[in-house]
Amino acid sequence: KKWYDEGLKIYTQKYFGEGIDVRSERITFPIHNKDGELIGVKGRYCGLNKEIEDLYKYLYIVPCNKSIELYNFHRALPHIKRLKEVIIFEGAKSTWFATQWGFPNCVSIEGDKLSDEQIKLLKSLGLDIRLVFAYDKDKDKEFVKDEVSRLTGRMRYGILDTSNLLVDKDSPIDKGIDVWKHLYKLNKYRIN
């Protein structure tokens with residue numbers, strides 16, 4: 001309900017397979033590999049215990065090696081190929097909202113560090129695909145440049161909130177569709 005109140009439609013939650021684990025008081029969502037095979041389940045705490053919320057907001061109910069996959073890759077791939085662009089977020093929730101808002105060519109790294117395997121997946125897309133990194137507000141231009149430095153020979157872009165529309169650790173998605181579209185259209189820069 002909290003995500004619904006934030007604007008995440010029920011059909012979007014169903015599309016991404018969200019559920020609930022009553023025992024751990026977590027909203028769950030499946031993790032798939034690049035071929036669409038189920039490899040794990042991640043959960044977001046939705047109970048009332050503040051300590052658990054602060055320390056263990058997200059955890060894997062069915063563990064998997066998240067560093068060898070890009071979340072949502074199997075769904076996004078046809079759109080990435082068609083649009084010649086992939087948008088890379090830190091977290092799954094950003095891909096849900098972006099997809100709902102008409103940006104289905106998005107994946108997440110489920111963290112802020114690109115693994116060697118994730119780099120390989122992004123490189124496998126080809127030289128004609130634009131890579132747009134939409135990191136959270138707390139990551140500066142130098143951080144993003146360092147993270148994407150291994151993706152040489154690619155069209156690399158970052159989204160930087162120079163308009164100060166976000167705060168703290170906000171994802172570019174967190175303030176709604178209008179802020180996202182503004183950042184995507186007006187705050188995108190080429191990474192050399």
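Colleague: How many aromatic pairs does a search of the whole structure find?

Modeller: In this predicted model, the search finds 12 aromatic pairs. One of them is formed by F29 and W96.

Colleague: Why is the pair of F29 and W96 called edge-to-face?

Modeller: Planes over 60 degrees apart count as edge-to-face. The planes of F29 and W96 are at 85 degrees, with 4.9 Å centre to centre, so the pair earns that name.

Colleague: What makes this pair tie together parts that are 67 residues apart in sequence?

Modeller: F29 lies in strand β2 (residues 26-32), while W96 belongs to helix α5 (residues 92-100), so the pair links those two parts.

Colleague: And why is the pair of F97 and W101 called tilted?

Modeller: Tilted covers the planes that are neither under 30 degrees apart nor over 60. Here the planes are at 45 degrees and the centres 5.3 Å apart, so F97 and W101 are a tilted pair.

Colleague: How do you know whether W101 is buried or exposed?

Modeller: Buried means under 20% relative accessible area. W101 has 16%, so W101 is buried. By that cut-off F97, at 3%, is buried, and so are F29 at 1% and W96 at 0%.

Colleague: Which aromatic cluster do F29 and W96 belong to?

Modeller: They form one cluster with W3, Y15, F16 and Y71.

Colleague: What radius of gyration would a compact globule of 192 residues have, and how does the protein compare?

Modeller: Such a globule would have a value near 16 Å; the protein has 16 Å, so the two agree.

Note on methods: Residues are numbered from 1 along each chain as its sequence is written. This is a predicted model: local features need pLDDT of at least 70, side-chain atom pairs count only at pLDDT 80 or more; totals for chains, interfaces and linings use all residues. Side-chain values use heavy atoms; hydrogens and water are left out. The radius of gyration is taken over C-alpha atoms; the globule rule is 2.2 Å times the number of residues to the power 0.38. Rings of Phe, Tyr and Trp (its six-membered ring) pair if their centres lie within 6.5 Å; planes under 30 degrees apart count as stacked, over 60 as edge-to-face and the rest as tilted. Helices (H or I, at least four residues) and strands (E, at least two) are DSSP runs, numbered from the N terminus. Buried means under 20% relative accessible area, exposed over 50%, partly exposed in between (1.4 Å probe, protein chains only).
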